[in-house]
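Thanks for sharing this one. Here are a few notes to read with the structure open beside you.

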Amino acid sequence: MNTSKNKFNKSLFLLDKGEFDRALALLEELIQPSGDKEYEDYVYQLQAYCVLIEFYYQEEKLQQAQAYLNQLNDFLDSLDDPELDDFQELAEETLEPLEEIISELSNLPDACDNNPSVAEDENQSSESKNITDSDAGKRLTKTVAGIEFAFRWCPPGAFIMGSPRNEKDRGAYETQHQVTLSKGFWMQETHVTVKMFKTFMENTGFQIIPDRHKCVGWIKEGIPLKVFDKTEFSWEKPGYTLNEHYPITCVSFYDAQAFCKWLGKELNAPCQLPSEAQWEYACRAGTTTPFSFGRILNGEQANCNGKVPYGTNTKGPYLAQPSEVGSYQPNLWGIFDMHGNVEEWCLDSFGKLSKKAVTDPVVNKDANKIVRGGEFSECASNCRSAHRCYCSPESRMFSIGFRCILQAPLDFS
């Protein structure tokens with residue numbers, strides 16, 4: 001360990017054993033549920049957490065220090081009383097001397113639990129251990145109207161949805177919780193392409209009538225994001241050069257649902273958009289890192305704004321438009337373009353994620369629909385497996401497409 005990390009501009013507390021014991025006793029008292037805490041109690045709790053984090057860090061018990069940091073983040077996030085607004089400012093000032101420690105702890109692999117007593121248990125892991133189906137990623141192909149549709153098997157299993165608190169650029173609505181998917185499904189291997197969607201329109205007479213829901217788009221540069229072009233587009237002319245192998249865009253949630261309904265009828269199989277949980281499960285393919293391919297994205301690994309990279313200072317390519325589907329390496333289950341290229345409609349409405357374990361969740365409480373995966377003009381952090389975004393279901397954007405799933409079991413007779 002770099003001992004220079006133990007030196008601070010100012011010291012919060014004396015870290016002798018007596019001070020540590022008092023902090024631990026105070027912390028255990030203060031973290032008990034209570035409806036009558038005074039402002040000073042919150043201050044004492046904050047200080048106690050800081051002592052524990054610093055103590056375990058200096059003792060080189062990093063997993064325990066990280067677990068207390070996660071608890072501290074939970075504590076700060078839970079304070080939604082307007083009367084405590086100035087406490088957040090106090091917290092920032094109090095944590096400033098620990099900035100280097102917090103930065104180092106935040107770059108560690110996440111502790112398996114926010115309970116420091118089990119944080120270093122070698123038998124514990126944050127990885128999903130319940131994905132045991134040896135057929136995960138098995139490929140299924142079906143031909144419809146002369147076009148091959150490929151799907152990859154996503155077995156029943158459990159995983160941790162959302163992002164750990166130490167994940168860089170983590171969003172406020174990425175609460176980690178266990179999700180169990182009781183049934184497997186077949187995720188489409190690529191985005192729905194222009195050729196696929198055009199065939200659907202030709203075979204059904206389906207038309208996209210822009211009316212008041214016209215397709216809009218822009219190109220984003222840097223941070224803060226700057227709009228330097230905004231105009232009206234269509235699926236045929238989305239504002240960039242394309243061919244039939246590009247992902248379809250400028251389609252609404254309802255347009256995507258109509259396509260899934262048609263494809264299901266043609267295949268005689270239940271076909272729909274993936275739920276948000278199914279989408280993240282398929283995206284991660286058993287991984288727990290920010291991306292299914294690791295911790296770094298700079299436009300080399302997936303199509304995004306490589307000028308704003310993630311996990312590295314090395315800037316990469318920025319194509320400023322989608323790529324043909326399958327242009328980058330697939331994830332471990334053989335699914336392409338789950339990070340970047342174009343965002344994807346999901347079945348769910350947007351809302352806070354559960355903090356408790358859930359089974360087969362689908363949320364339909366809000367008008368706005370989830371879109372996942374990030375897209376070609378997004379900074380790399382917005383392409384993380386856990387990143388969540390939403391859009392009005394009527395909206396048509398030149399950066400939003402979709403893919404379908406087939407629900408198991410299948411009967412193609």
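1. Let's start with the open sheet of three strands in this predicted model. What is the strand order? The order runs E3-E4-E10, and the pairing is mixed. Strand E3 (157-161) and strand E10 (358-359) are the edge strands, each pairing on one side only.

2. A word on the E3 side of that sheet. E3 pairs with strand E4 (residues 177-181) in the antiparallel sense, and five bridges link the two. If you would like a landmark to find in the viewer, look for Ile 160, which stands opposite Gln 178 in E4. As a reminder, strands of a sheet pair through backbone hydrogen bonds, either parallel or antiparallel.

3. Next, have a look at the helix here. Helix H8 (residues 276-284) lies across both E3 and E4. Relative to E3, H8 runs at about 95°.

4. Now to a side chain worth a click: Glu 344, which sits in strand E9 (residues 343-349). Is Glu 344 buried or exposed? Glu 344 counts as buried because its relative accessibility is 0%, and the cut-off for buried is under 20%.

5. Which side chains make polar contacts with that of Glu 344? One is His 191, at 3.3 Å, and another is Trp 279, at 2.9 Å.

6. Finally, the wider surroundings of Glu 344. Leaving aside residues up to four places away in sequence, Glu 344 touches His 191 and Trp 279 again, along with Asp 337, Met 338, Ile 370, Val 371, Arg 372, Gly 401, Phe 402 and Arg 403.

How values were computed
Residues are numbered from 1 along each chain as its sequence is written. This is a predicted model: local features need pLDDT of at least 70, side-chain atom pairs count only at pLDDT 80 or more; totals for chains, interfaces and linings use all residues. Side-chain values use heavy atoms; hydrogens and water are left out. Helices (H or I, at least four residues) and strands (E, at least two) are DSSP runs, numbered from the N terminus. Buried means under 20% relative accessible area, exposed over 50%, partly exposed in between (1.4 Å probe, protein chains only). A polar contact is a pair of N or O atoms within 3.5 Å; within protein, one must be able to donate a hydrogen and the other to accept it, and residues adjacent in sequence count only if both atoms are side-chain atoms. Contact means heavy atoms within 4.5 Å. Two strands pair if DSSP finds at least two bridges between them. Axes are lines fitted to C-alpha atoms, for helices over the stretch in contact, and angles run from 0 to 180 degrees between N-to-C directions.
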